[in-house]
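User: I am new to this structure and should be grateful for a close look at one part of it, strand by strand. Please then set that part beside other features of the model.

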Amino acid sequence: MNTVACADCGGLGFRVRRCECTRGGDRLIVAGGEYRDEAYADCRLCAGDGSVAEACHRCGSGGRRRAQLVVTVVNLDTGAAVSRRLMPGRLDPPPGRERVGRAEELVGGLCAAVGVRGLRPRWGWRSLDDTLYWLPPQWRPELPESQRLLLEAEALARHDYDPWWVFVGRSSATPPPPDPAAELSRLCALADLLQLDLVVEARRRNYHEVVWDIRYELPGSPVPLDPQVHAQARDLPSAVADTSLRSAMCGLDERGRHAPLHTVRAMPTVDVPKVMDLDRLGRAVLAELAGDAPGAQAIWRDGRWWHTALHPTGSVETLHERETGQIVRYVAESLRRATEPPDPGWWGEPIPHRPCPDCRPGSRLRRCDCRLGRPGPDPQCPDCSGAGLAPSVGCCRTCRDSGRIPAAVAVTVTDRRRVSHETWRPVADEPAPVVAQQPNGAPVHQLGPHRRLARHAAAFGVRPADLTRLDTDWPVEQDLLDGIVTVYEPGVDPVRQHVEQLAARLPGARLLVLAAAPDAPPLTDLLRLAHALDLTAVLTYCDHRLDAGDPLKIQGERWGIRLAARDAEIGAELPLHASVELAVARCVEFLDNHLLATVPREPDRPVPAPQAVSSPPVPDPIGLIRRVGQHHAGAPVAASFDRIGCRLWLAQEGGLRPLAQAATLGDAVAALRL
């Protein structure tokens, strides 16, 4: 029994469900979270019937769902892999009294089979705490076989959206997890280095439970309505263990949208304790949470903790339109700090600002698209009728709804150990020569070396491609690296436009840049994983040296890596990453998505269950790929690696042209006789 009828649609491939309008009742304006089970008479979807028919998304309209789950463990040091296929009647581990099978017991046996002593958590999102299956209460070992297998199949079918779990490990033991007290000390030291606040917050949630969250903020930022919807830590040590520099920075753009605008200045280094007293800090925060306070914070600023309770200040109402035509009204409680810490000592002078010309605060009016690349609005525009402003559901692309255009931007570049702070201001008559023209004739200027972020790469010993935004984890744009500015309106100073456009889109006019190579495993590890899983690793490379010096074209090189099924058709793809390390890091980060794409969509086809013995190390292909790419500069070159061998293609208009095929990449490149 490899498939079962879809429980959502009964095997029909479509289902009839209650319309979304029944959640709020027969009213135009409904409260968010309220349920009335009453149809809206003027509903755009059901016309007041209360029910709608739709294709079943659980089974892809096929009516059947796969009742299989495959668990695979790969040893990166040896290239060995072992898999276990869970099917009805073949559950491993067998169900006990709780009728639950957990991954830890099964994965432990598979690790022993291939000599894995420590799993690497960054390879995918799987955890040993995940549940393999959960049998329903009516399941019992003494049931007739047909009924028992059907119940087991339905339990396994719950994983049909993700039926292949891969755990990656090594022959060496995993390093012990870092001490939470030392990790919190490291986060505080980074806050001092970056001149940010580190906020440790406890809030009451449903049923008066307390959840903890740790994040970076800009001084003076309002208290977020819901700082982290994924915050689930029940105590401070768990919150610290779940917090990294990346997660603490996540959302800084939104949280700091209305923060005060100040430059920053260098301050003497403050000694941070090597180990923080988590018990003392947790008790201090909970003491502020006493009474009816909905939350409390501990703020690390200027080398010490500041404690404050959070008090309600009213409610914030937001309105959203549903597809049904109804307006959903959400009300959230706004909070404020009972006491604000003193202004940070590293604040410099305030940054002046002017109102944003492309939006109206408190309304949905935003700059109309007809103004893009034009000196003024189009009088015949159907969206704005020549007004230049049109309703929009998104935020303002100029100021991101802050309503401010700052006159300067504070630039902070760090490698987590050293830091550089500087302030960019427009200077009268600053030279910015025209270096090119856009196709519509708009001039393209290049600013002076002191306006180019790429110069910081050499100071920190990295490549320009290694500079990334700290708050978004995305690489710094090429125009920002090289100081390239396109001026669409005549008479506009390119330096002022560059500074204002950059500052208006940043939280608190702060540009935070990380100068460090991506934390990625070697490419050979990814190729060995693909070999062990019997998949194809597709490596795409493009050398742009023929475009060197052209500010309108991509500079340097671009890489792309993905995993595909062994018999999958290889198509032409444009590589996007400026370094092979970044391409590997992104592939490893989204490994589960790559694996899911290799699983056959048809539910009656089995999930891959690779079994691989030890294999020799994979040679590093970067040098040979670069050699082929340099020979075909300007065109992407694709190389696929699988258990059979290596194939090379050249991307051309209309698809890929085969170049060579051999047992190894070296033989394939030799056959080209470059």
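Analyst: Two strands are said to pair if DSSP finds at least two bridges between them. The model examined here is a predicted one.

The part chosen is an open sheet of three strands, in the order β25-β26-β28, with antiparallel pairing. Its edge strands are β25 and β28, each of which has a pairing partner on one side only. On average, neighbouring strands in this sheet are turned by 30° against each other, direction ignored.

The pairing may be followed from one edge to the other. Strand β25 covers residues 434–437 and strand β26 covers residues 443–446; they run antiparallel and are joined by three bridges. Within this pairing, Val 434 of β25 has His 445 of β26 as its bridge partner, while Gln 437 stands opposite Pro 443. The two strands form a hairpin, with five residues between them. In the turn of that hairpin, Gly 441 has a positive phi of about 95°. On the other side, β26 pairs with strand β28 (residues 484–486), again in the antiparallel sense and over three bridges. Here Gln 446 is the residue that stands opposite Ile 484 in β28. As a general point, the side chains of a regular strand alternate between the two faces of the sheet.

A second open sheet may be set beside this one. It has four strands in the order β24-β23-β29-β27, and its pairing is mixed. The edges are formed by β24 (419–424) and β27 (467–469), each pairing on one side only. From one strand to the next, the twist averages 25°. Inside this sheet, β23 (residues 409–414) and β29 (residues 510–515) are parallel and share five bridges; Val 411 stands opposite Leu 511 of β29.

From the sheets the description passes to the nonpolar cores. The largest core has 47 residues, of which Trp 164, Leu 529, Ile 561 and Leu 648 touch the most other members. Helix α11 (residues 523–532) contributes the most to this core, with six residues. Another core, of 40 residues, lies apart from it; Tyr 216, Ala 233, Leu 236 and Met 249 are among its members. Leu 648 may serve as an example of the contacts made by a member of the largest core: leaving aside residues up to four places away in sequence, Leu 648 touches residues including Ile 625, Val 628, Ala 638, Arg 657, Pro 658 and Leu 672.

Aromatic rings supply a further feature, and the count comes to three aromatic pairs. One of them joins Trp 300 and Trp 305 edge-to-face, at 5.3 Å centre to centre and with 70° between the planes. Trp 300 counts as buried because its relative accessible area is 3%, below the limit of 20%. Trp 305, at 13% relative accessibility, is likewise counted as buried. Another pair, that of Tyr 541 and Trp 559, is tilted, with 4.4 Å between the centres and 50° between the planes. Tyr 541 lies in strand β30 (residues 535–543) and Trp 559 in strand β31 (residues 557–565), so this pair ties together parts that are 18 residues apart in sequence. Both Tyr 541 and Trp 559 are buried.

Strand β30 also holds Thr 536. Because its relative accessibility is 0%, Thr 536 counts as buried. Its contacts, not counting residues up to four places away in sequence, are with Arg 562, Leu 563, Ala 564, Ala 565, Arg 566, Ser 640, Phe 641 and Asp 642.

Trp 125, finally, is an exposed residue. It is found in the loop between β9 (118–119) and β10 (131–134), and it is classed as exposed because its relative accessible area is 52%. Not counting residues up to four places away in sequence, Trp 125 touches Asp 130, Glu 589, Phe 590, Asp 592 and Asn 593. Between Trp 125 and Asp 592 there are 7.0 Å in space, C-alpha to C-alpha, although the two are 467 residues apart in sequence. A polar atom of the Trp 125 side chain lies 3.2 Å from the backbone oxygen of Glu 589.

Notes
Residues are numbered from 1 along each chain as its sequence is written. This is a predicted model: local features need pLDDT of at least 70, side-chain atom pairs count only at pLDDT 80 or more; totals for chains, interfaces and linings use all residues. Side-chain values use heavy atoms; hydrogens and water are left out. Axes are lines fitted to C-alpha atoms, for helices over the stretch in contact, and angles run from 0 to 180 degrees between N-to-C directions. Buried means under 20% relative accessible area, exposed over 50%, partly exposed in between (1.4 Å probe, protein chains only). Contact means heavy atoms within 4.5 Å. A polar contact is a pair of N or O atoms within 3.5 Å; within protein, one must be able to donate a hydrogen and the other to accept it, and residues adjacent in sequence count only if both atoms are side-chain atoms. A nonpolar core is a set of buried Ala, Val, Leu, Ile, Met, Phe, Trp, Tyr and Cys residues joined through side-chain atoms within 4.5 Å. Rings of Phe, Tyr and Trp (its six-membered ring) pair if their centres lie within 6.5 Å; planes under 30 degrees apart count as stacked, over 60 as edge-to-face and the rest as tilted.
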